[in-house]
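The following note is offered to a colleague who is meeting this structure for the first time. The points are numbered for ease of reference.

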Amino acid sequence: MKKTLDPSGVRIGRNADAIAMAFLNNLYYLQGCTLMNASHNDLYMALSYTVRDRMLASWIKGIQDIVESNINEYNKTVSYLSAEFLPGPHLANNLVCLGLYEETRKALNNLAVDLDELLTQEEEPGLGNGGLGRLASCFMDSLATLSINAIGYGIRYEFGIFDQEIHNGWQVEITDRWLRYGNPWEIVKPELSQEVGLGGYTESYYDDTGRYCVKWVPGRIVKGVPYDTPIIGYGNNKCNTMRLWKAEAVISFDLQDFNMGDYYAAVEDKISSETITKVLYPNDEIEAGKQLRLIQQYFFVCCSLKDMIRLHFSQNEEIDTFHKHFAIQMNDTHPSIAVAELMRLLVDEYQMDWDKAWKITIGAMSYTNHTLMPEALEKWKLDLFKDLLPRHLEIVYEINHRFLTDLKEKYPGDNDKLARMSIIDEASGKTIRMAHLACVGSHSINGVAALHTDLLKNHLLQEFYQLWPDKFHNVTNGITPRRWVNVSNQGLSSLITEYIGSRWLKEFHLHISDIEKFKDDPEFRKKWRDVKKKNKALLSSWIKNKTGVEVNPDSMFDIMVKRIHEYKRQHLNVLHVITLYNQLKDNPDIDRPSRTVLFGGKAAPGYFMAKLIIKLINSVGDVINNDKSINNRLKVVFIPNYNVQTGHMVYPAADLSEQISMAGKEASGTGNMKFNMNGALTIGTADGANVEIREQVGDDNFFLFGLKTNEVFTIKSRGYNPRYYYENNPMLRRVLDQISSGYFSDGDTNLFRPLVDSLLYQDEYMLLADYKSYVDCQQKAGQVFQDQEQWTARSIINVAHMGTFSSDCSIMEYAKNIWKIRGF
């Protein structure tokens, strides 16, 4: 076959000469230029097409594997429904997975082209906001690496998440034009487009057999066009698909309107349809934003389910066996409308009776919960839902009616329980609880860390757990070591491979622990420190270039990068920074290591308090960084526009990882795992996956502080008074008074007043209660850091014990316990 398709080997050859020839051909025939006049983007595009060519045979076979998997119910295809994917740059990761990194570097060197320069040229796909989307992409990597047939379904956001700029300390959102120079990794498949109805009304009737039927007559129809990105596994030539849907008008141009001179009307449908997939998470503080978000969610779910059914029928299978061949994983509540949509397709389109359709739906659907915050569990007002999805509202009503009927039999007379568990919330202006719909319509419900799952069972979804204990599972999140060590930290990757071989890249969970035996080896420790020092120097140079702040690479790099949110408590970190600053001012001879405190992350555009936290970080940094009296012993930097590409530099350079959310609020966290895999030690609370990380690395290798979850509940139940801590801790009072007095805001006493008042009078996330424990723990971390031999040993132990936090382990658990895939 290879000889027929590519007799010269240019398309698929793996040596440097073949790669160089393919690169030059793509530069000439696809980019229309030569090395003499090519731009950096031309060179990047040509190289990307060259690498993609070497993936396509595996990708085409992967599609065929999905079609053929319908023959055997144990060879299921995983359909991963996610509103976010955050894949990061593709080129370097694909070179690693294909084993072509060195041959490609050699090929380009022979042409006087710098591979590292081309890697920086790639625009990062703006398809996610943070941990949720990055998790989905890690899972896609692991699904392919484990040779599991899978399709990741989502939305092709044209502008994605915003780019962040910092103006006068404030976040400013800039349009993320990630597609402006083209995307060489995606392949559009217009012939596989799907139509999606919206609005309209329903009609009921009886068919010739006397069966009651409902017909949905949509008010408008949009088209979903799939854009496919091949996702290659590591070292196995298995290639799956990330299929993202773009919204288009069915008829994008009305010639009659145009000829009548109504030029806007001629393209009105095109504009309104394409708006659906313009931006990730439109601002839903306004009604139009809420409507657009619901349309987005239904749009990609509808397209995806229709696509699965198309694939199912391609092997001449009956619709009755759909659930035996597709395992549909809903990544959080965003895709939970899939329960109602699959029922609509089965009952209305394929004339299946309700009970049979419900059995298929439950058999296919699984739900992952990612939040413990009730306000983050989506609810939709009935009026909005009815206007957009009238048939789905009827189906939700019927699902809920049958569910409540069953509950009445099990809990007779307990109307309060029925009201609490109902899919329809009658108490808050009549809304649909989408998390409840997902729970009722799935055969599996899972949390993403042991503590998180326990809290789901005992608090957030307690009554569902009591009703269906066998539905609940825990699958702790994980990350792929291919990207987060091998791609981002090549120095550490090479060192590990030098000492234990390369098997850890394929089977991280089995082999990474082998490095622990070298923790007392002086030569290995020195090499370990040298890698870290080089990474810190690289990041220091980048920081100087991006922010103008000069930092000391020999200082402790204390880093907190994550979405800006009050529950993540970036402002607790700031309170410690100010405390440390005061200590250095008061006593210049105090025994403290030099420290560089780095922050990064984006605040939702409509989230005022999160934006104010960013302003506070930058304002505190301006004062501290320009105070010569502390002799550069403390620096504070906010990294703008934090993303996956920036993370490639940040995680490898970290000494101390900040995971400081209030216990009981973070579902899992994966940033903690990325830091740990790169040798950082963690300072954190007993929250999310921190608990399991500490169990794995050992108490001495984790800086634990703060209240436990049960203590949080106890204190809050008794009535939490944050002012008590303010009045009884002079250090804390001084810090908050400095912020209030305008010390960090050029005398403006009002700028940070909302933040300080929130802490003094509400303090929902109990910063003041945890402050002293946090400051004391930070001092301990600083003392250990001053003993570099001890710190290095602890760093090695942290990496050695991260095996269970590979996303490969997470996917193996899903495959075995939830998807029931053969071989796991």
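1. Asp 307 and Arg 243 form a salt bridge in which the closest N and O atoms are 2.8 Å apart. Asp 307 belongs to helix 10 (residues 287-313) and Arg 243 to strand 10, so this pair ties together parts of the chain that are 64 residues apart in sequence. Both Asp 307 and Arg 243 are buried. Please keep in mind that the model is a predicted one.

2. The structure as a whole holds 46 salt bridges. One of them joins the side chains of Lys 417 and Glu 463, with an N to O distance of 3.1 Å. This pair likewise links distant parts of the chain, for Lys 417 sits in helix 16 (residues 415-421) and Glu 463 in helix 19 (residues 462-467), 46 residues apart. Lys 417 counts as buried because its relative accessibility is 7%, under the 20% cut-off. Glu 463, with a relative accessible area of 14%, is also buried.

3. Some salt bridges share partners. Lys 519, Asp 520, Arg 525, Arg 529 and Glu 789 are joined in this way into one network.

4. Helix 12 (residues 338-349) merits attention for its cover: 11 of its 12 residues are buried, and the helix is thus described as mostly covered. The buried residues include the charged side chains Glu 341, Arg 344 and Asp 348, together with Leu 342, Met 343, Leu 345 and Leu 346. Just after helix 12, Gln 351 adopts a positive phi of about 50 degrees.

5. Is Glu 349 buried or partly exposed? Its relative accessibility is 44%, so Glu 349 counts as partly exposed. Glu 349 forms a salt bridge with Arg 344, and the closest N and O atoms are 3.2 Å apart. Arg 344, by contrast, is buried, its relative accessible area being 5%. The salt bridge therefore pairs a buried residue with a partly exposed one.

6. A nonpolar patch of about 410 Å² lies on the surface and is made by Phe 253, Leu 255, Phe 258 and Tyr 263. Phe 253 is placed in the loop between strand 10 (239-249) and helix 8 (255-259). With a relative accessible area of 39%, Phe 253 is partly exposed, because that class lies between 20% and 50%. Strand 10, which precedes this loop, is also the strand that holds Arg 243 of the first point.

7. The packing of helix 2 (residues 16-29) and helix 3 (residues 40-68) may be described by their axes, which come within 8 Å and cross at roughly 125 degrees. Helix 2 and helix 3 are therefore oblique to each other, because an angle counts as roughly perpendicular from 65 to 115 degrees and as roughly antiparallel over 145. The crossing of helix 2 and helix 3 is right-handed.

8. A final point concerns Arg 134, which is found in helix 7 (residues 131-145). Arg 134 is buried, with a relative accessible area of 4%. Where does Arg 134 stand with respect to Pro 87? Arg 134 and Pro 87 are 47 residues apart in sequence, while their C-alpha atoms are 6.4 Å apart in space.

Conventions: Residues are numbered from 1 along each chain as its sequence is written. This is a predicted model: local features need pLDDT of at least 70, side-chain atom pairs count only at pLDDT 80 or more; totals for chains, interfaces and linings use all residues. Side-chain values use heavy atoms; hydrogens and water are left out. Patches are made of residues with over 30% relative accessible area and no salt bridge: like charges are joined within 9 Å, nonpolar side chains (Val, Leu, Ile, Met, Phe, Trp, Tyr) within 5 Å. Accessible areas come from the Shrake-Rupley method with a 1.4 Å probe; for residues, only the protein chains shown count as cover. A salt bridge is a side-chain nitrogen of Lys or Arg within 4 Å of a carboxyl oxygen of Asp or Glu. Helices (H or I, at least four residues) and strands (E, at least two) are DSSP runs, numbered from the N terminus. Buried means under 20% relative accessible area, exposed over 50%, partly exposed in between (1.4 Å probe, protein chains only). Axes are lines fitted to C-alpha atoms, for helices over the stretch in contact, and angles run from 0 to 180 degrees between N-to-C directions. Angles under 35 degrees count as roughly parallel, over 145 as roughly antiparallel, 65 to 115 as roughly perpendicular and the rest as oblique. A crossing is left-handed if the near helix is turned anticlockwise from the far one by less than a right angle, and right-handed if clockwise.
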